[in-house]
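Colleague: Could you take me through this model? I would like to begin with the general picture and then turn to the side chains.

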Amino acid sequence: MMRERLLALAGHRARLAARAQDERDALASMLAPADAAAALVGSVTRVASGLAEQASRYPLFVVAGVALLAALRPRRALTWLTRGWSLWRLYRGAQGAWQRFAGAQAPRQAP
């Protein structure tokens, strides 16, 4: 009698543990887009902070950049900005691919 009760409790515990794991997995998959968005916000914040620091350190460059934008006219400046952004994205993608490739080629050490 007691043994049957213990076996039933063990089975119930196993089912509950499996259900909890399924719920954790479902929650993790639902939160994955939020994690990606948070990472993006973090990187944008770091870039903006770095730009603000550089702008305060070198105000002459900021003035020169604004003068360049005024000289190029907004439409042409926008064209150059989009080209620069495309090149930046290409660079970042190539950098990530290179890191994955180099990481896959690195010799693994025995534990």
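**Overall picture and side chains**

Modeller: Of the 111 residues of the protein chain, 2% count as buried. Please keep in mind that this is a predicted model.

Colleague: What does the protein chain expose, and how much of it do carbon and sulfur atoms supply?

Modeller: The protein chain exposes about 10300 Å². Carbon and sulfur atoms supply 67% of that area.

Colleague: How many helices and strands are there in the protein chain?

Modeller: The protein chain has three helices and zero strands. Along the sequence, its pattern reads α-α-α.

Colleague: And what is the radius of gyration of the protein chain?

Modeller: The protein chain has a radius of gyration of 27 Å, whereas a compact globule of 111 residues would have one near 13 Å. The C-alpha trace spans about 90 × 35 × 30 Å along its principal axes.

Colleague: Let us change topic. How many aromatic pairs does a search of the whole structure find?

Modeller: The search finds three aromatic pairs. One of them joins Trp-88 and Tyr-91, and it counts as tilted because the ring planes stand at 40 degrees, while planes under 30 degrees apart would be stacked and those over 60 edge-to-face. The ring centres of Trp-88 and Tyr-91 are 5.7 Å apart.

Colleague: Where do Trp-88 and Tyr-91 lie?

Modeller: Both Trp-88 and Tyr-91 are in helix 3, which covers residues 74–105. They are three residues apart, about one turn of the helix. Trp-88 has 42% relative accessibility, so it counts as partly exposed. Tyr-91 is also partly exposed, at 44%.

Colleague: Which pair do Trp-98 and Phe-101 form, stacked or tilted?

Modeller: Trp-98 and Phe-101 form a tilted pair, with 5.7 Å from centre to centre and 40 degrees between the planes. Both residues lie in helix 3, three residues apart, or about one turn.

Colleague: Why does Trp-98 count as exposed?

Modeller: Trp-98 is exposed because its relative accessible area is 56%, and the cut-off for exposed is over 50%. Phe-101 has 46%, so it is partly exposed.

Colleague: What lies over the face of Trp-80?

Modeller: Arg-83 does, at 5.1 Å from the ring centre of Trp-80.

Colleague: One last topic: which residues make the nonpolar surface patch?

Modeller: Met-2, Leu-6 and Leu-9 make a nonpolar patch of about 320 Å². Leu-9 is in helix 1, residues 2–57. Its relative accessibility is 42%, so Leu-9 counts as partly exposed.

Notes
Residues numbered from 1 in each chain as written. Predicted model: local features only at pLDDT ≥ 70, side-chain atom pairs only at ≥ 80, totals over all residues. Heavy atoms only, no water. Phe/Tyr/Trp six-rings, centres within 6.5 Å; stacked < 30°, edge-to-face > 60°. Helix = DSSP H or I, 4+ residues; strand = E, 2+ residues; numbered from the N terminus. Buried < 20%, exposed > 50% of the residue type's maximum accessible area, 1.4 Å probe, protein only. Lys NZ or Arg CZ within 6 Å of the ring centre and 35° of its normal. Patch = residues over 30% accessible without salt bridge, like charges linked within 9 Å, V, L, I, M, F, W, Y side chains within 5 Å. Areas by Shrake-Rupley, 256 points an atom, 1.4 Å probe, with all protein chains shown as cover. Salt bridge = Lys/Arg side-chain N within 4 Å of Asp/Glu carboxyl O. Rg over C-alpha atoms; globule rule 2.2 N^0.38 Å.
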